[in-house]
Amino acid sequence: QVQLVESGGGLVQAGGSLRLSCAASGRTFAMGWFRQAPGKEREFVAGISWSGQGTYYTDSVKGRFTISRDNAKYTVYLQMNSLKAEDTAVYYCAASKRRVVVTTPPEYDYWGQGTQVTVSS
């Protein structure tokens, strides 16, 4: 069983930046970030392979968000720049038992509790 703890959320003005962190209790393989806004389904944001060499982003965040990982620290990061009001959501970290990047919730085995990101316009 892997436990995931997110941090780094908060309130930021449009155009600003935030860096989310997700600390795992042990070794993980592919990791991902999802988000869920009120009244909407949970959506994939970014994913990274176990080695860190493979990454994938949803179109709406390409060029603005960067996912990375430090396997020595069992931590994955999401650097979010040029934030927009539509990025407002609860952001969830997830871990998969697969090694390659995966993009749908059923492909992930462990989830964090979520961290709120609010972007004011």
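Is Cys 93 buried or exposed? Cys 93 turns out to be buried, with a relative accessible area of 0%. Keep in mind that the model you are looking at is predicted.

**View 1. Cys 22 and Cys 93 are joined by a disulfide.** There is 1 disulfide in this structure. In general, a disulfide is a covalent bond between the sulfur atoms of two cysteines. Here the sulfur atoms of Cys 22 and Cys 93 sit 2.0 Å apart. The link ties together distant parts of the chain: Cys 22 belongs to strand S3 (residues 18–24) and Cys 93 to strand S9 (residues 89–95), 71 residues apart. The torsion about their S-S bond is about -80°, so this disulfide is left-handed. Like its partner, which is buried, Cys 22 is buried, at a relative accessible area of 0%.

**View 2. Phe 34 meets Phe 44 as an aromatic pair.** The structure holds 5 aromatic pairs. In this one, the ring centres of Phe 34 and Phe 44 are 5.6 Å apart and the planes make an angle of 80°, so the pair is edge-to-face. Phe 34 comes from strand S4 and Phe 44 from strand S5 (residues 43–48), 10 residues apart. Both are tucked away: Phe 34 is buried, with 0% relative accessible area, and Phe 44 is buried, with 10%.

**View 3. Phe 44 also pairs with Tyr 56.** This pair is tilted, with 6.1 Å from centre to centre and 35° between the planes. Phe 44 sits in strand S5 and Tyr 56 in strand S6 (residues 55–57), so the pair ties together parts that are 12 residues apart in sequence. Tyr 56 counts as partly exposed, at 45% relative accessibility. Over the face of Tyr 56 you'll find Lys 62, 5.9 Å from the ring centre. Step back a little and ring pairs link Phe 34, Phe 44, Tyr 56, Tyr 108 and Trp 111 into a cluster.

**View 4. The charged end of Arg 99 sits over the ring of Trp 50.** The distance to the centre of that ring is 5.0 Å.

**View 5. Gln 36 has company from elsewhere in the chain.** Gln 36 lies in strand S4 (residues 31–36) and is partly exposed, with a relative accessible area of 27%. Leaving aside residues up to four places away in sequence, Gln 36 touches Glu 41, Arg 42, Ala 89, Val 90 and Tyr 92. Take Val 90: it is 54 residues from Gln 36 in sequence, yet their C-alpha atoms are 5.3 Å apart. The side chains of Gln 36 and Arg 42 share a polar contact of 3.5 Å. A polar atom of the Gln 36 side chain also lies 3.1 Å from the backbone oxygen of Lys 40.

Technical notes
Residues are numbered from 1 along each chain as its sequence is written. This is a predicted model: local features need pLDDT of at least 70, side-chain atom pairs count only at pLDDT 80 or more; totals for chains, interfaces and linings use all residues. Side-chain values use heavy atoms; hydrogens and water are left out. Helices (H or I, at least four residues) and strands (E, at least two) are DSSP runs, numbered from the N terminus. Buried means under 20% relative accessible area, exposed over 50%, partly exposed in between (1.4 Å probe, protein chains only). Contact means heavy atoms within 4.5 Å. A polar contact is a pair of N or O atoms within 3.5 Å; within protein, one must be able to donate a hydrogen and the other to accept it, and residues adjacent in sequence count only if both atoms are side-chain atoms. A disulfide is a pair of cysteine sulfur atoms within 2.5 Å. Rings of Phe, Tyr and Trp (its six-membered ring) pair if their centres lie within 6.5 Å; planes under 30 degrees apart count as stacked, over 60 as edge-to-face and the rest as tilted. A charge sits over a ring if NZ of Lys or CZ of Arg is within 6 Å of the ring centre and within 35 degrees of the ring normal.
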